[in-house]
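I opened this entry to record what I looked up in the structure. The notes follow the order in which I looked.

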Amino acid sequence: MYRRALPYMLSLPALLVCIGILIPFGTAVYYSTQRYNLSFPQARGFIGLENYIDFFSDSAFWNTIEISLLYTFLTVVLELLLGLGIALLLRTPGRFNNMVSILLLLPLMTAPAIAALMWKLMTNPNFGVLSYLISLIGFDDFRWASSPSSALFTVVLVDMWVYTPFIMILLLAGLRSLPRQPFEAAELDGVPRSFVFFRITLPMLMPYIITATLFRLLDSIQQFDIIYAMTQGGPGDKLMVFQVQSYLEFFQYTNVGRSAALLMVLWAITYFLSNLFVKHWLKLRERAHGNA
Amino acid sequence: MNHTSTAERIIRGLLLTLVLLFFLFPIFWIFLMSFQTNEDILRIPPSLFFTPTLENYVALISGRLSTVAGDLDIAFMRNLWNSVLLSSLSVGVALILGVPAAYAFARFKFRLGENIAFTLLSFRFAPPLLVLLPLSLYFSELGLSDTYLGLVWVYQLIALPLILWIVRGYFEDISPDIENAYRIDGHSWAKTFRKIAIPLARPGIAAASLLAFIFCWNNFVFALVLASADKQPVTVGALAFVTASGIQYGQVAAAIVLSVTPTLLLALYAQRYLVEGLSLGAVKG
């Protein structure tokens with residue numbers, strides 16, 4: 001009897017935490033079906049799916065979708081390419097390469113909100129070193145995050161600064177764990193390097209690339225810290241990604257119902273992605289622990 | 001693969017230099033800025049040569065900033081202390097809750113265990129605001145918004161999945177035979193767990209704790225939504241700093257340096273475990 005109850009007793013506290021998370025989650029689902037504005041508490045009431053239906057005719061919603069997807073696409077693709085490139089450069093283990101790969105972890109371990117602050121200081125129009133450097137090559141009035149035309153570029157750059165090392169270290173770990181034989185055989189046969197890369201390295205590295213990509217997709221579509229710290233979603237509505245928009249909807253316009261509905265849309269996207277992720281990740285994990 | 005030409009070596013070196021420049025220059029530059037006076041910072045063109053000053057740090061640490069317009073109080077040390085407190089308490093609680101659960105999930109196959117593990121994992125990937133916004137309303141009703149307790153509880157969302165999944169992987173790698181042998185000697189289950197399982201999984205527990213600490217420290221949105229002014233950690237405090245009037249840029253830079261130094265040092269120390277931790281145990285580094 002005692003033995004049968006043991007695993008349940010051990011996991012009880014963790015279960016309580018789960019319940020503690022599920023309660024506010026349930027509340028959010030409930031809010032999303034309500035007309036609920038903190039400034040007009042008396043108008044509160046159940047409206048079913050109206051918050052969601054309203055989205056279809058709401059240009060702010062479509063703007064959020066567009067910006068979020070664009071941001072996610074740009075950051076993930078650019079970070080993947082750059083991260084893969086750096087991992088390939090550092091592939092051979094050695095003192096110098098290892099030191100570089102460790103140093104590159106520093107941006108990743110900087111709080112993203114603080115990283116945004118660092119870039120904000122460097123791109124300040126009055127004294128920012130980057131504003132100065134870019135004026136030397138002819139961009140006299142480049143306004144970085146404060147101009148609508150370069151705001152997205154700037155936050156994508158900061159995101160790349162923070163998260164490229166993440167992709168880099170996963171892929172580097174992957175590259176270094178690949179078996180040597182196929183590469184040695186290819187070299188003996190004098191196979192061209194581009195062929196080795198596209199037909200051997202890349203396919204063998206694919207599980208790692210997929211893991212890194214899914215991790216980044218899930219984080220990037222929910223990006224809040226960098227954008228909020230940098231511009232609070234501005235200039236205008238230029239950077240109103242999902243979480244920034246719903247944060248402002250909640251705290252600035254006190255529209256709880258709408259904010260919750262918007263987050264539910266984001267949740268649906270992440271739920272889909274995280275299912276893909278978990279399936280893939282379980283396979284990988286089994287292999288990692290199987291080989292250990 | 002050993003016969004690399006000189007041209008290739010040069011290109012390789014050049015590319016790596018560019019990479020290092022992009023990723024390290026911001027840290028280097030902010031570090032310099034934190035030792036500059038406002039006049040040095042505002043000078044154009046920016047210069048690498050200046051007389052370093054500790055004024056910015058003195059102002060932050062003493063909490064008083066003297067300007068022409070009068071004295072100003074800075075609560076930055078309070079933010080720093082809050083970060084230390086929140087991160088270490090959260091990791092401590094996550095260890096107490098997570099390590100036994102991780103053990104249970106690794107040793108006993110039971111449905112509830114998988115469900116808990118996956119619920120926590122799925123919330124690791126859900127939008128944090130979805131949980132935080134309703135919580136902010138609950139917190140003000142329950143009177144939790146002004147307490148460390150409420151924040152530490154919510155920080156479990158960051159720390160617990162990490163501890164649970166990484167430590168579980170370590171327990172799974174340990175053969176149960178050792179534990180069984182010890183049990184046959186007549187030792188109780190609790191003693192086996194304490195004397196055999198935990199020491200064997202110690203590297204995993206240490207790695208997971210360090211990472212969980214770093215992630216708690218670096219978190220921004222949880223405290224932004226839930227913490228009252230005097231409970232805010234450095235991430236939120238530093239941001240408020242920029243917009244506060246009378247604060248000088250050198251002090252912002254110094255605040256940034258103080259807020260990132262602990263995590264960067266820990267990361268350098270724990271770098272062996274980072275790959276495994278960052279992929280929640282999916283990739284072994």
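How many residues does the contact take from chain A, and how many from chain B? I noted first that the model is predicted. I then found that 76 residues of chain A and 82 residues of chain B take part in the contact. On the side of chain A that touches chain B, I found that helix α1 (residues 2–31) of chain A gives the most, with 17 residues. I sorted that side of chain A by class and recorded 58 nonpolar, 14 polar and 4 charged residues.

I turned next to chain B as a whole. I counted 13 helices and 2 strands in chain B. Its C-alpha atoms fill a box of roughly 75 × 70 × 35 Å along the principal axes. I recorded a radius of gyration of 24 Å for chain B, where a compact globule of 285 residues would have one near 19 Å. I noted that 47% of the 285 residues of chain B count as buried.

I then looked up the domains of chain B, which are domain 1 (6–73) and domain 2 (76–278). I found their C-alpha centres 31 Å apart. The contact between them takes 17 residues from domain 1 of chain B and 13 residues from domain 2 of chain B. On the domain 1 side, I listed α1 (6–33), α2 (38–42) and α3 (55–62) of chain B as the elements that give two or more residues. Of these, α3(B) gives the most, with 5 residues. By class, I recorded 10 nonpolar, 7 polar and no charged residues on that side of domain 1 of chain B.

Definitions and conventions: Residues are numbered from 1 along each chain as its sequence is written. Chains are lettered from A and ligands numbered from 1 in the order in which they are written. This is a predicted model: local features need pLDDT of at least 70, side-chain atom pairs count only at pLDDT 80 or more; totals for chains, interfaces and linings use all residues. Two residues are in contact if their C-beta atoms, placed from the backbone, lie within 7 Å. Helices (H or I, at least four residues) and strands (E, at least two) are DSSP runs, numbered from the N terminus. Ala, Val, Leu, Ile, Met, Phe, Trp, Tyr, Cys and Pro count as nonpolar, Asp, Glu, Lys and Arg as charged, and the others, Gly among them, as polar. Domain bounds come from an automatic or database domain assignment. The radius of gyration is taken over C-alpha atoms; the globule rule is 2.2 Å times the number of residues to the power 0.38. A residue is buried if 20 or more other C-beta atoms lie within 10 Å of its own, exposed if 12 or fewer, and partly exposed in between; C-beta atoms are placed from the backbone.
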